Amino acid sequence: MKKPSENILNQLRGDQGGYKIPERYLEDFYVKPDFNSGPCA
Amino acid sequence: MEETILIERLKNTKTQELAFRDLVGLYKKRLYWHIRKIVIVHDDADDVLQNTFLKVFKSIQNFNGDSKIYSWMYRIATNEAINFLNQKARMMSTSFEEIQHKLVEKLPEDPYFDGDAMQLKLQKAIITLPQKQQLVFNMRYFDEVKYEEMSQILETSEGALKASYHLARKKIESYLINEK
């Protein structure tokens, strides 16, 4: 039988620990130009 | 896409702009979550992710292919995130550990944290670990990074990483049981 703490860890696994991001942040993310240096995406 | 082709495109001035877009598209999500676990606050993670990609762009000609490009970028992201938090700690005349504690204590007020009490407790448990153990735990537990890949990123043997993760889990389990 698993210890309660192991069960908790297994239940929490897969989530990002409660951290969230603004809506569409990753979809809209782009690297802002750095005019002092090389190319940007 | 074959990694070698992507690297060739990244190093060729005629193709690098589009190749960089591809690179960002491929890795932004994984790198973001890795950085976020270190710096905790979304806006800081955004800054560090920007800096990470800029550093990748500036250094791509020096990438020698000894490791996978993702491992190389992960190393850059880790260093950028740790340096960022160290700078923040210095500005606040405090230590790396103390700034992490302060940031985690503020999580309930953070609009980009909606974890329950147990998730908050888990975050508090993680920051009690030594810095490298935190990295190992977060990479394995949340992002399921393979030990082989982690070994390249952290330049540590797989055996040592497995032992470190096992120890981290034990400490966290103990914290979850014993701390109120």
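**Exercise 1. Two neighbouring helices**

Are α8(B) and α9(B) roughly parallel or roughly perpendicular to each other? Work it out from the axes, then list the residues that make the contact.

*Solution.* A word of caution before starting: this is a predicted model.

Step 1. Two packed helices are described by the angle between their axes and the distance between the axes.

Step 2. Get those values for this pair. Helix α8 of chain B covers residues 147–154, and its axis comes within 9 Å of the axis of α9(B), with a crossing angle of roughly 105°.

Step 3. Compare the angle with the cut-off: 65 to 115 degrees counts as roughly perpendicular. α8(B) and α9(B) are therefore roughly perpendicular to each other.

Step 4. Now for the residues. On the α8(B) side you'll find Y147(B), E148(B), M150(B), S151(B) and L154(B), and they meet E158(B), L161(B) and K162(B) of α9(B). Sorted by class, this contact has 4 nonpolar, 1 polar and 3 charged residues.

**Exercise 2. The overall build of chain B**

Describe the fold of chain B in terms of its helices and strands, and decide how compact the chain is.

*Solution.* Step 1. Count the elements: chain B has 9 helices and 0 strands. Walking along the sequence, the pattern reads α-α-α-α-α-α-α-α-α.

Step 2. Check the radius of gyration. For chain B it is 17 Å, and the globule rule gives 16 Å for 180 residues; the two are close, so chain B is as compact as a globular protein of that length.

Step 3. Add the outline. Along the principal axes, the C-alpha atoms of chain B fill a box of roughly 60 × 35 × 30 Å.

Step 4. Look at the inside. Of the 180 residues in chain B, 33% are buried. Among the chain B contacts with a separation of 6 or more, 54% are between residues 24 or more positions apart.

**Exercise 3. Where chain B touches chain A**

Find out which helices of chain B face chain A, and which one gives the largest share.

*Solution.* Step 1. Meet the partner. Chain A has 2 helices and 0 strands, and 12% of its 41 residues count as buried.

Step 2. Count the residues on both sides: 34 residues of chain B are in contact with 24 residues of chain A.

Step 3. Assign the chain B side to elements. Two or more residues each come from α2 (16–39), α3 (42–59), α6 and α9 (158–178) of chain B. The largest share belongs to α2(B), with 11 residues.

Step 4. Sort by class. The side of chain B that touches chain A has 18 nonpolar, 6 polar and 10 charged residues.

Step 5. Zoom in on one residue. R36(B) sits in helix α2 of chain B. Apart from neighbours within four places in sequence, R36(B) is in contact with Y19(A), H42(B) and A45(B). R36(B) has 25 C-beta neighbours inside 10 Å, so it counts as buried.

**Exercise 4. Buried faces**

Locate the buried residues of α6(B) and α7(B), and say what covers those of α7(B).

*Solution.* Step 1. Helix α6 of chain B runs over residues 117–126, and its buried residues are L122(B), Q123(B), A125(B) and I126(B). They span an arc of only 160° around the axis, so they lie on the same side of α6(B).

Step 2. In α7(B), the buried residues are L135(B), V136(B), F137(B), N138(B), M139(B), R140(B) and Y141(B). Their cover includes α2, α4, α6, α8 and α9 of chain B.

**Exercise 5. Three residues, three settings**

Decide whether S93(B), E144(B) and K88(B) are buried, partly exposed or exposed, and note the backbone angle of the two loop residues.

*Solution.* Step 1. S93(B) lies in the loop between α4 and α5 (96–105) of chain B. S93(B) has 7 C-beta neighbours inside 10 Å, so it counts as exposed. Its phi is near 50°, a positive value in a residue other than glycine.

Step 2. E144(B) is in the loop between α7 (131–141) and α8 of chain B. With 9 other C-beta atoms within 10 Å, E144(B) is exposed too. Although E144(B) is not a glycine, it has a positive phi of about 50°.

Step 3. K88(B) belongs to helix α4 (residues 69–91) of chain B. K88(B) has 17 C-beta neighbours inside 10 Å, so it counts as partly exposed.

Definitions and conventions: Residues numbered from 1 in each chain as written. Chains lettered and ligands numbered in written order. Predicted model: local features only at pLDDT ≥ 70, side-chain atom pairs only at ≥ 80, totals over all residues. Buried ≥ 20, exposed ≤ 12 C-beta atoms within 10 Å, placed from the backbone. Helix = DSSP H or I, 4+ residues; strand = E, 2+ residues; numbered from the N terminus. Arc of directions from axis to C-beta. Rg over C-alpha atoms; globule rule 2.2 N^0.38 Å. Contact = placed C-beta atoms within 7 Å. Nonpolar A, V, L, I, M, F, W, Y, C, P; charged D, E, K, R; others polar. Axes fitted to C-alpha atoms, helices over the stretch in contact; angles between N-to-C directions. Parallel < 35°, antiparallel > 145°, perpendicular 65-115°, else oblique.
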